[in-house]
Amino acid sequence: MTQHATPGGPESARRSRDAADLAALGAPPGAWSAPGARVADAATGKDPWARFGWLMAVIWLVFLVYPVLALLHSEASLAWIVVGWIALVAFIVLYVTGFMHGMRGGGGLGRPPSLRQWITFAALIGCALVSVPAEGGSALSFLPFVMSFASYGLTRVWHWITTVAAVVVTALCVFLLPGGIDYLSILAIVALLGVVNTVSTWLILRSAEAERLGLELATSEGREAVARDVHDLIGHSLTVVGLKAQLARRLMDSDPERAKVELADIERLTAEAIAGVRSTVAGARATTLVEQLASAQDALRAADIEMRLEGDPRSLSPVQALTASWILREATTNTLRHARARTVRVRVAPGLLVVEDDGIGVQAAEGNGIRSMRERAAAAGAGFALGRVGASGTRVEVSW
């Protein structure tokens, strides 16, 4: 590389060029910062950024005025000057179209670059190289744009390769070429740009990874919520159906009419359970506390357990009542399955739900039902307490 001319000559022109190169630290391809974020909308043509974001590339290209000045003052042969002009125009076209292609799904920053991106990158380097005979050291002004294209439009490996290569080439020009010390500030700018691109692309990739993990977590939590809802619903319904089936079998000979009634209830409960599962999976299921109290009373009555209600269900807010209905459902299921109780007392007061039975109490480690109640209470910002009442009964309390 030889130096034929310095654009503008005077020191003031060099200071202006340095300031312009420093401004190039905001390299336009950084607009590709959200990998894939605009691809879908770009396809529909509804995203203004995908349609007009190329203006950012055009605005920053104003700093290529210094290679223009170098060509105007060049002492190279006419052929090399013509080549320099052609290379400069080609660099601008390639850079802007590459920028637009990258924004519209061409790759980079965690996405595999397309073949077009690689060809564009190689062509940009070629344009910069063939400009050297006519522009001399001013051709270094192309490096910030080439570095940014590699950082934001290609892979992480090529970000490092291009950054290191740009720093080495600039350093060789500064310390080995005659008069190269005039470009010492460009070396500092190239090195600083390497740091800026490294940090910014790392943050962008971390942000994209955090967004992906957040989406996976939300999906997982949604699946767990649906699974918990289905478990609570099916567990309760099947428990009641089982009890009514046993009762119907015992009454089949002694009281056929009562057995028919129980079988009708089994049919109804089965239909309700199926509808409940469907609406739960669709995310639209909501049972009021009044409805759940009636359902619990009916289920307990089928098991010859008396339920006593104290207080007004309407004393809870709609949000509290929704949580209370789910916990009442699970508490009722646990009572039917394990408690061997004769009486269940349900007390509802402002900010409070208490379910007590006179059964044998909690005899083993907490199972899915109790964990489900704790999770639902915690999700609703309520306190949950499980303990004994009287000699051996169980008390479930939810309080806001």
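In this predicted model, Ala-378 and Ala-379 are exposed and sit on the face of helix α15 turned away from its buried side. The buried residues of α15 are Gly-369, Ile-370, Ser-372, Met-373, Arg-376 and Ala-377. These buried residues lie on the same side of the helix, because the arc they cover around the axis is only 155°. Helix α15 comprises 12 residues, and the distance from its first C-alpha to its last is 16 Å, close to the 16 Å expected at 1.5 Å a residue. After α15 comes Gly-381, which has a positive phi, near 70°.

Helix α15, formed by residues 368–379, packs on a sheet and touches strands β4 and β5, the latter spanning residues 393–399. The direction of α15 makes about 140° with that of β4.

The sheet in question is open and has 5 strands, arranged in the order β1-β2-β3-β5-β4 with mixed pairing. Strands β1 (306–311) and β4 (383–389) form its edges, each pairing on one side only. From one strand to the next, the twist averages 15°. Strands of a sheet are held in register with one another through backbone hydrogen bonds, in either a parallel or an antiparallel arrangement. Here, β1 is joined to β2 (residues 343–349) in the parallel sense, over 6 bridges. Within this pair, Glu-310 has Arg-347 of β2 as its bridge partner.

A second helix, α13, is formed by residues 289–302 and lies across β1 and β2. The course of α13 is at about 155° to β1. The connection between the two strands involves another helix: β1, α14 (residues 318–339) and β2 together make a β-α-β unit, and this unit is left-handed.

The loop between α13 and β1 contains Asp-304. The phi of Asp-304 is positive, at about 60°, although this residue is not a glycine. Most residues other than glycine have a negative phi. Gly-381, by contrast, is a glycine, and its positive phi is found following α15.

Note on methods. Residues are numbered from 1 along each chain as its sequence is written. This is a predicted model: local features need pLDDT of at least 70, side-chain atom pairs count only at pLDDT 80 or more; totals for chains, interfaces and linings use all residues. Side-chain values use heavy atoms; hydrogens and water are left out. Two strands pair if DSSP finds at least two bridges between them. Helices (H or I, at least four residues) and strands (E, at least two) are DSSP runs, numbered from the N terminus. Axes are lines fitted to C-alpha atoms, for helices over the stretch in contact, and angles run from 0 to 180 degrees between N-to-C directions. Contact means heavy atoms within 4.5 Å. A crossover is right-handed if, with the strands pointing away from the viewer, the path from the first strand over the helix to the second runs clockwise. The expected span of a helix is 1.5 Å times one less than its number of residues. Buried means under 20% relative accessible area, exposed over 50%, partly exposed in between (1.4 Å probe, protein chains only). The arc is that of the directions from the helix axis to the C-beta atoms.
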